[in-house]
Amino acid sequence: MRAIQQPCEVTHLTPDGTPKVIRWGGRTYHLTQVLDRYRAGGRWWLGEPSRDCWVIQCGPVTMEVHKFDEKEGAHPQGWFLARMQD
């Protein structure tokens, strides 16, 4: 997977809060399968907040998407595309 490390837009969620439709780089990706879900504590020594993380399949594309609950330091609140393999 290649690192993206950019904000993305999530326009739809499943009932349990999993991102269902992701927009990034002028394209729209639709969830086909959840491969993993976990909660990351963040690197406290860098001031990173905790976040929910999903590794999802969107057709032939695999993505790792994070949701930051709160803004801390330089880290944005909201959705973030961490990694992608297409």
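This talk walks through the side-chain contacts and some local features of the structure shown above. Please keep in mind throughout that the model is predicted.

I shall begin at the surface. W44, W45 and L46 form a nonpolar patch there, and together they offer about 460 Å² of accessible area. W45 belongs to the loop that connects β5, residues 33-40, with β6, residues 51-58. Its relative accessibility is 57%, so W45 counts as exposed. W44 is exposed as well. The two tryptophans also form an aromatic pair with each other: the ring centres of W44 and W45 are 5.7 Å apart, with 90° between the planes, and the pair is edge-to-face.

That brings me to the aromatic pairs in general. How many are there in the structure? The count comes to three aromatic pairs. Besides the pair of tryptophans, one of them is made by F68 and F80. Their ring centres lie 5.9 Å apart and their planes stand at 80°, so this pair, too, is edge-to-face. F68 sits in strand β7 and F80 in strand β8, and the pair links parts of the chain that are 12 residues apart. Are these two phenylalanines buried or exposed? F68 has a relative accessibility of 5% and therefore counts as buried. F80, at 13%, counts as buried too.

I turn now to charged side chains. Side chains of opposite charge can pair when their charged atoms come close. A search of the whole structure finds four salt bridges, and I shall describe some of them.

One salt bridge joins the side chains of R37 and D16, with a distance of 3.7 Å from N to O. R37 lies in strand β5, whereas D16 is in the loop between β2, residues 9-13, and β3, residues 19-24, so the pair ties together parts that are 21 residues apart in sequence. Both partners are partly exposed: R37 has a relative accessible area of 40%, and D16 has one of 48%.

Strand β5 also contributes R39, which forms a salt bridge with D52; the closest N and O atoms are 3.1 Å apart. Here the link runs from strand β5 to strand β6, where D52 is found, across 13 residues. R39 is partly exposed, with a relative accessible area of 47%.

A further salt bridge is formed by E64 and R83, at 2.5 Å from N to O. E64 is in strand β7, residues 61-68, and R83 is in strand β8, residues 78-85, so this contact ties together parts that are 19 residues apart in sequence. E64 counts as buried at 6% relative accessibility, while R83 is partly exposed at 34%.

Next, the cysteines. How many disulfides does the structure hold? It holds zero disulfides. Why is C53 without such a bond? The closest cysteine sulfur to that of C53 is in C8, and the distance of 12 Å is too far for a bond. The sulfur of C58 likewise has its closest cysteine sulfur in C8, at 10 Å, which is again too far. Both residues count as buried, C53 at 0% relative accessibility and C58 at 5%.

Finally, I would draw attention to the backbone at Q5. Most residues other than glycine have a negative phi. Q5 is not a glycine, yet it has a positive phi of about 55°. Q5 is placed in strand β1, residues 2-7, and is partly exposed, with a relative accessible area of 46%.

Conventions. Residues are numbered from 1 along each chain as its sequence is written. This is a predicted model: local features need pLDDT of at least 70, side-chain atom pairs count only at pLDDT 80 or more; totals for chains, interfaces and linings use all residues. Side-chain values use heavy atoms; hydrogens and water are left out. Patches are made of residues with over 30% relative accessible area and no salt bridge: like charges are joined within 9 Å, nonpolar side chains (Val, Leu, Ile, Met, Phe, Trp, Tyr) within 5 Å. Accessible areas come from the Shrake-Rupley method with a 1.4 Å probe; for residues, only the protein chains shown count as cover. Helices (H or I, at least four residues) and strands (E, at least two) are DSSP runs, numbered from the N terminus. Buried means under 20% relative accessible area, exposed over 50%, partly exposed in between (1.4 Å probe, protein chains only). A disulfide is a pair of cysteine sulfur atoms within 2.5 Å. Rings of Phe, Tyr and Trp (its six-membered ring) pair if their centres lie within 6.5 Å; planes under 30 degrees apart count as stacked, over 60 as edge-to-face and the rest as tilted.
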